[in-house]
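This report looks at charged side-chain pairs and at how exposed their partners are to solvent. Please keep the sequence and the coordinates at hand while reading.

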Amino acid sequence: MLIPVLIHRLICSSVIALVATVPFMAVAQQDSSSGTSLADPHVSPAAPQSPEVASLLRKMATIPHTLNYQGSFTYQHKDNPALQSFRIIHWVEEGVEYERLQHLNGPEREVLRSGKSIGCESLGDQLLQGKISQFGANLARLDQLYKFEIRGPERVAGREATALLALPLDQFRHSSLLTIDNETGLVLKSWLVDETARPLERYQFIDLDLSPDIESLREPKARLHRAAAPQVADCNPTEVKQVERWALGWIPPGFAFVGQRQVRNHIDMLMYTDGLTTFSVFIEEASGAIPEGVAQRGATLAVMDSLSYANKNYRITVVGEIPVVTAQKIAQNIDGIQ
């Protein structure tokens, strides 16, 4: 799920900025869900995952990390019908992954990321592969969270691929239609849709080169470029970590805590994934009135709330590709640890 993760990182900061600058939509306080935790015994039963689906997910989680490639793709979200174009460049050098994401429309910009070693599997990668035995019985399998359907062969960017539909078995996440390259496991096309089957965002490769000239990939070409934040997730974790300083009283079933770090101005960032979907929680000490509401760009939304704890006020922001009611319930159930 390399591209979705990159897109999430790309627009996450802009969503945070959007939260701070635009009027908020009025949002009714809805809570139709039933509270559950990672160890939720009420995770919906589902048919065991087929070997073909398991093979596709395993390929998607492993092979792309080992490849050298560059390709162009289009990206579109529901709030902006205009197509945006990007180029993704990925290569491996001395056992370390490097990535560059270039904007092909508008001002010349690009994002750089480096430092992930080959063989470094995040918790999300392991969940995609069904490697949950080392984490005990507290994590749900993907087939307990989604119903997977093979939708048949498809040709994207001149390559043979397989379309895979992931339908959530609860109301806490969105549906995905992924077209996965048969040879490399790269997701060549992705549609994320809401509960009414309305597309929230989509991207599609239009070309892919699996034999790029490595020498030409190393240096950033854009006049304006920035390095992506360091990876939050640990490599090859053997247990689910615990959050420091904060307690999340509710998260959707199947989501696991990936990692925690501080970002600008001592904001605590907590990250969660179920293998296909991610969300992040930002907690920042604040003074004065703290706005509450929702901002959204494409599939990524930000729900803001406030928290009073130990005679201090905090701004809570939940950012992710999750439904509004899910993000609201997460934000409303955060507290400090004594």
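Which side chain meets that of Asp194 in a salt bridge? In this predicted model, the partner is Arg198, with an N to O distance of 2.9 Å. Asp194 is buried, with a relative accessible area of 7%, whereas Arg198, at 44% relative accessibility, counts as partly exposed. Elsewhere, Lys147, Glu149 and Arg151 are joined into one network by salt bridges that share partners.

A search of the whole structure finds 15 salt bridges, and among them is the pair formed by Arg159 and Asp181. This pair links distant parts of the chain, since Arg159 belongs to strand S6 (residues 159-168) and Asp181 to strand S7 (residues 175-181), 22 residues apart. Arg159 counts as buried because its relative accessibility of 16% falls under the 20% cut-off, and Asp181 is likewise buried, with a relative accessible area of 1%.

Arg159 also forms a salt bridge with Glu183. Glu183 lies in the loop between S7 and strand S8 (187-193) while Arg159 lies in strand S6, so this salt bridge ties together parts of the chain that are 24 residues apart in sequence. Glu183 counts as exposed, at 53% relative accessibility.

The closest N and O atoms of three of these pairs are separated as follows.

| Salt bridge | N to O distance |
|---|---|
| Arg159 and Asp181 | 2.5 Å |
| Glu183 and Arg159 | 2.7 Å |
| Asp194 and Arg198 | 2.9 Å |

Methods:
Residues numbered from 1 in each chain as written. Predicted model: local features only at pLDDT ≥ 70, side-chain atom pairs only at ≥ 80, totals over all residues. Heavy atoms only, no water. Salt bridge = Lys/Arg side-chain N within 4 Å of Asp/Glu carboxyl O. Helix = DSSP H or I, 4+ residues; strand = E, 2+ residues; numbered from the N terminus. Buried < 20%, exposed > 50% of the residue type's maximum accessible area, 1.4 Å probe, protein only.
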